[in-house]
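The following note sets out several points on secondary structure for consideration alongside the coordinates.

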Amino acid sequence: MKVRLTSHITFVLVTLTCAAAVLLCGFAWLAAVKVDDLSLRRQADFVGQGLEEQIAALPREQESIAKWDDAFLYAKQRNHDWLLDNIGQWTSRYFGHDRTYIFDDTNRLMFAFRDGADVMPPRLGSDDSPDMTAVAEEMRAALVELAAKPGSRPLGQLAEVRTLMIGNRPAIISARPILPSSARMQVEAGQEFITVSVKFIDGKVAENIAHYARLEGLHFTPWKSADERVQVAVPSHDGGTIGYLVWPPIRPGFMLLQQIAPAGLGCLALLITVVFWLGRGLHRTSLTLLDSQAEITHHRNHLEEMVADRTAEIERQREELDRLLVHERQVNALQRQFVAMASHEFRTPLAIIDAAAQRLCRSTANISGDYVREKAGVIRSAVVRMVDLMESILASGRLETGQITLKRSEGDLKALLVTCCERLRQLSRSHVFHLDLEAIPDQLTFDRSAMEQVFTNLISNAVKYSPKAPDIHVRARADETTVEIAISDSGIGMDAEDLPKLFQPYYRARSATGIAGTGIGLNVVKQVVELHGGSVEVTSELGKGTTFTIILPIELLLPDQHVAA
């Protein structure tokens with residue numbers, strides 16, 4: 001069994017090694033093909049660009065002698081020596097023009113410089129006579145047409161360029177009128193001299209293109225190459241093809257493969273040797289593995305026992321957590337019972353205080369009635385404040401247990417807001433309430449008690465947290481879908497970090513430190529408004545005040561809507 005295991009593993013390793021080698025060679029060959037294809041396309045692009053540049057360069061090179069006061073003057077004077085030195089030999093030596101001809105204003109040849117030599121008397125070559133005459137006549141016709149339509153095209157930009165075969169050689173021909181370069185001289189329309197230059201593509205042009213494309217062996221041939229990727233067609237002026245520029249292809253991909261092939265074969269042989277060596281090591285390792293099987297089995301059994309013990313421990317901890325959770329629920333229930341009991345117990349003495357305050361208001365025998373009424377009003381306001389606190393505690397408990405229900409009825413939400421403001425004005429006569437409530441509809445359906453608690457909480461908070469800012473603004477806005485009521489103060493404000501947690505039970509902003517409060521009221525506000533189908537928004541800036549905005553949907557507050565809470 002040990003020998004079979006070792007042989008199987010060795011066979012698998014060798015197979016995988018050979019498969020990896022085949023895949024690597026395949027990927028290398030594919031990469032070489034792709035790289036060569038890209039390289040050949042780039043070579044063709046460079047050759048094509050070089051050919052276009054050489055065709056476009058000929059009329060630009062002519063411009064150095066065709067737009068020149070001296071050339072215009074000496075051509076008119078038919079100064080042969082000057083034309084030979086400054087046009088024929090200049091264009092031949094500097095630009096590499098193979099032939100240069102000048103035709104006078106009657107289209108008669110007056111100067112010829114061909115293949116590096118002056119031709120006297122001037123005459124066209126036997127191989128280019130029809131082509132030179134034709135291109136000169138086309139240029140003359142273009143000049144006549146331009147003279148008939150002045151301003152249609154600048155005369156200095158006029159050029160006739162074409163590629164054709166002169167004899168059995170491909171050539172680029174360009175014809176341009178000789179014009180003065182300044183306004184000191186004028187040329188009469190139709191009296192222009194015409195210069196014609198010739199560059200053979202299979203000569204200096206091919207060398208320039210090869211240098212531009214970084215290629216060796218580029219040459220012209222009238223026949224197509226076997227590989228169309230290493231040829232560029234040379235177009236003729238009539239839309240045909242006069243031949244092709246071809247070159248020995250540069251294939252960097254296969255060149256690289258040829259260079260790395262010996263090293264790759266050597267690495268493959270080394271890899272196979274290493275695999276066999278690893279096979280022998282596996283044989284020895286397999287013996288150790290088989291001898292260790294019993295020990296591993298023993299450790300596995302021991303581990304299973306440990307897992308079973310740990311599982312039992314976790315189960316015991318889960319039961320303990322369940323017990324603690326039940327205990328916590330019982331504590332929460334006791335807490336709610338305490339809150340309810342405390343609220344009930346506080347109501348009785350508060351009712352007694354309220355009754356006594358009312359009797360004091362009616363008893364004016366020994367002291368001033370105004371003084372008694374003022375003090376009694378303070379007592380009653382304090383009683384109302386404590387009752388409101390108890391109502392908040394009870395409402396919080398009911399909301400937490402889901403026992404609160406809305407008792408909707410038709411009412412005047414605007415009057416309710418005015419009542420809440422009047423009540424709180426008695427608590428703090430130093431504050432001024434600015435009311436803008438005309439936008440609120442006259443009759444809406446809502447729970448009067450719950451909404452009174454909402455507005456009392458928000459307005460009392462505005463008073464409490466703005467001790468040095470007396471102005472409290474209560475504004476309303478309504479449209480077809482919502483009623484918005486905003487309560488703003490210019491008090492101590494809050495940090496932006498406190499706003500997301502503000503409606504959580506018992507949470508108080510850090511800026512409220514030292515000011516009495518329970519953290520219950522805003523949670524009650526949020527839940528009551530949401531029971532009415534609305535929402536509460538708050539904006540605040542530390543030291544600049546706070547604005548609470550209640551948004552209530554009109555469709556749930558109309559008198560003819562009966563929506564269950």
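1. Two strands are taken as paired if DSSP finds at least two bridges between them. Strand 14 (residues 482-489) and strand 16 (residues 545-553) satisfy this in the antiparallel sense, with 8 bridges. Within this pairing, Ser488 stands opposite Thr547 in strand 16. The model is predicted, and the points below should be read accordingly.

2. Strands 14 and 16 belong to an open sheet of 5 strands with mixed pairing, in the order 11-13-14-16-15. Strand 11 (432-436) and strand 15 (535-541) stand at the edges of the sheet; each has a single partner strand, so one side of each is left without a neighbour in the sheet. From one strand to the next, the twist averages 15 degrees.

3. A hairpin is formed by strand 4 and strand 5, with 2 residues between the strands. Strand 4 (residues 160-166) and strand 5 (residues 169-178) pair in the antiparallel sense over 7 bridges. Ile166 has Arg169, in strand 5, as its bridge partner. Gly167 in this hairpin takes a positive phi near 70 degrees.

4. Which residues of helix 2 are buried? In helix 2 (residues 69-77), they are Asp69, Ala71, Phe72 and Ala75. An α-helix has 3.6 residues a turn, so residues three or four places apart point the same way. The residue that follows helix 2 is Arg78, and the phi of Arg78 is positive, near 55 degrees.

Methods
Residues numbered from 1 in each chain as written. Predicted model: local features only at pLDDT ≥ 70, side-chain atom pairs only at ≥ 80, totals over all residues. Heavy atoms only, no water. Buried < 20%, exposed > 50% of the residue type's maximum accessible area, 1.4 Å probe, protein only. Helix = DSSP H or I, 4+ residues; strand = E, 2+ residues; numbered from the N terminus. Axes fitted to C-alpha atoms, helices over the stretch in contact; angles between N-to-C directions.
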